[in-house]
Amino acid sequence: MATYPSTLGAAPKSFFLSNSLFNISLGTATPSRISSVKAAGECWTKHPAWTNVRQERWEGHLAVEGHLPTWLNGTYLRNGPGLWEVGDHSSHHIFDGYATLVRISFRRGCATGAHRQVESDAYKAARAHGRPLHREFSQLCPSEPGTLLDRVRDVVGLASGTLLTDNANVSVLPLGDGRVLCLTEATKGSVLIDPETLDTIGKFRYADRLWGLLQSAHPVVTGNELLTLLPDMFRRGHRVVRMAAGSNERKMVGRVHCRGGQAPGWVHSFAVTEKYIVVPEMPLRYSLAGVLKSQMTPWYLFDWLPESGSYMHAICRFTGKTVASVEVPPFMALHFINAYEQGDAIIADCCEYYADPSVIKALALRRLRSPGMNNDAFPDVRVARFSIPLDGTLMGELETVLDPEVHGRGVEMPSINPAYQGKEYRYVYACSARRPCNFLNCLTKIDLGEKEAKNWHELGSVPSEPFFVARPGGSDEDDGVVISIVSTMEGDGYALLLDAMTFQEIARVRLPYGLPYGFHGCWIPENV
């Protein structure tokens, strides 16, 4: 691999303005400097976090500022959108972007890196035709239907899955047998990739008859299995399934019946304890009318129906039986942090938006690219805690865990020490806010015991999910490092490493240029 220069200038203007992607470069990247500092608003408009990735593929050595821990040996992978403009078409929403995988490999104090597009059918079709041909989050396909026949064709295409995207841009996770899987919320968007080369190997073929168009894009992976949800539009609920490590066969654990509305609530993520699987039911529900009419709703694919109620369900991981189904105060949550058992109740923590779905609209690209980076447009979010009784009580509780001001009324993309998944825990790492802002611009370490937070912030920078990597042999919950890929207003990019205990910076691994904002990552230890 070619060596990347240790001193990096800002990316050239052509990077910020270019909609052209399809060139490949392997080896040394040589960014040029810009001669003057742009106005903050203009830079934010063309911030690399919301701009097409500069090139389809890059690979090389990465310069390290600071010192990498000698025990940090392995590969960090991150998945997320990287391409929103194809031909003359511009996407509307951050969720529409075609998947870009990023790899940073650490070994003996050195680092190498790469990024590459996931070659889904949707991506290849858009590249060939200069526009999307599949239905993305905010994109009707092939376009707004003009006639009744168009609508019928679209409904048939969506019902059969042929028009649904397989753009696996949400998560990346190891299956425990050397295989690595990228996912989106369409079941067909389950794609195997090579964690070293980032090559797209092909579709993941499920060896079962659990047919379904949709799945949770944020499954729970334990040491020996993968747990996920399959929404059931016809029976208004979710099938809870497991897949053993090394297997392609999903098996039913149980079924959760949704209690409100005419369609199941959207579940992007859920939580597990040692004994139970916790399934949320919020009033942001799949829009059946939108599917039948082949139309977008004010909430894209969903309807916001607070009158339909909010509920929390729990089923036994071993028998599949429902042990609790309780009504709770209205809520809106994309990510659950963790859950555990406490006496005769289940405690489940999440990032909650005060029952306000406006975060969906706040992630529209025109909002993210708005010139006023100091416009306080991002909705408030808190660490909220559900208490789900197991004694037959019909109502659950929802409370704020700590003063949201300590993390700037922003908390998203949470990460914990995986050894504490399903158990009582103390620390959360997440993206947070320094207000005013129109997107999360900080990182935070939240101490749930002391109810306080430590924050990292750099003006004009957009950090992504802070991923916790435990030190081998460590005994403390926060003994490890936190990795976050950061893009700057000047066009630069780097992987930030923070000491997970002190939350102080220990190293920056310089990338060749700023990368688009990514969603979720995973860690693959060396020789595992």
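Strand 11 (residues 190-193) and strand 12 (residues 200-203) run antiparallel, joined by 3 bridges. This is a predicted model. The report starts at this pair of strands and moves outward.

## Strand 11 and its neighbours

Strand 11 and strand 12 form a hairpin, with 6 residues between them. Leucine 198 sits in that turn and has a positive phi of about 65°. Across the pair, isoleucine 193 stands opposite threonine 200 in strand 12.

Strand 11 also pairs with strand 10. These two strands run antiparallel and are joined by 4 bridges. They too form a hairpin, with 6 residues between them. Here leucine 181 stands opposite leucine 192 in strand 11.

Strands in a sheet pair through backbone hydrogen bonds, in a parallel or an antiparallel way.

Which way do the side chains of strand 11 point? Ser190 and Leu192 point one way, while Val191 and Ile193 point the other way. All four are buried. In a regular strand, side chains alternate between the two faces of the sheet.

## The largest cavity

Leu181 also belongs to the lining of the largest cavity. The structure holds 5 cavities of 30 Å³ or more. The largest cavity has about 70 Å³ of space.

Which strands each supply at least two residues of its lining? They are strand 10 (180-183) and strand 14 (225-232). Among the lining residues are Leu181, Leu183, Leu226 and Thr228. Tyr206, Met243 and Arg250 are also included. By type, the lining divides into 6 nonpolar residues, 3 polar and 1 charged.

## Aromatic pairs

Across the whole structure there are 21 aromatic pairs. Two of them are set out below.

| Pair | Type | Centre to centre | Between the planes |
|---|---|---|---|
| Tryptophan 266 and phenylalanine 302 | stacked | 4.6 Å | 25° |
| Phenylalanine 378 and phenylalanine 439 | edge-to-face | 5.7 Å | 80° |

Take the stacked pair. Tryptophan 266 lies in the loop between strand 16 (250-257) and strand 17 (271-272), and phenylalanine 302 lies in strand 20 (residues 302-304), so the pair ties together parts that are 36 residues apart in sequence. Are these rings buried or exposed? Tryptophan 266 is buried, with a relative accessible area of 5%. Phenylalanine 302 is buried as well, at 2% relative accessibility.

Now the edge-to-face pair. Phenylalanine 378 lies in the loop between helix 7 (365-368) and strand 25. Phenylalanine 439 lies in the loop between strand 28 (427-432) and strand 29 (442-447). The pair therefore ties together parts that are 61 residues apart in sequence. Phenylalanine 378 counts as buried, at 4% relative accessibility. Phenylalanine 439 is buried too, with a relative accessible area of 5%.

Ring pairs also build a cluster, and its members include Trp266, Phe302, Phe378 and Phe439. Trp50, Phe95 and Phe137 are among the other rings in the cluster. So are Tyr517 and Phe519.

## A four-stranded sheet

Strand 25 takes part in an open sheet of 4 strands, in the order 23-24-25-26, with antiparallel pairing. Strand 23 (333-342) and strand 26 (397-400) stand at the edges. Each has a single partner strand, so one side of each is left without a neighbour in the sheet. From one strand to the next, the twist averages 25°.

How many bridges pair strand 25 with strand 26? Strand 25 (residues 382-389) and strand 26 pair over 4 bridges, in the antiparallel sense. One contact can be named: arginine 385 has glutamate 399, in strand 26, as its bridge partner.

Technical notes: Residues numbered from 1 in each chain as written. Heavy atoms only, no water. Pairing = 2+ DSSP bridges. Axes fitted to C-alpha atoms, helices over the stretch in contact; angles between N-to-C directions. 1 Å grid on protein atoms, 1.4 Å probe; cavity = no way out; pocket = protein on both sides within 12 Å on 5 of 7 lines; lining within 4 Å. Points joined across faces, edges and corners; volume = space filled by probe spheres on them. Nonpolar A, V, L, I, M, F, W, Y, C, P; charged D, E, K, R; others polar. Phe/Tyr/Trp six-rings, centres within 6.5 Å; stacked < 30°, edge-to-face > 60°. Buried < 20%, exposed > 50% of the residue type's maximum accessible area, 1.4 Å probe, protein only.
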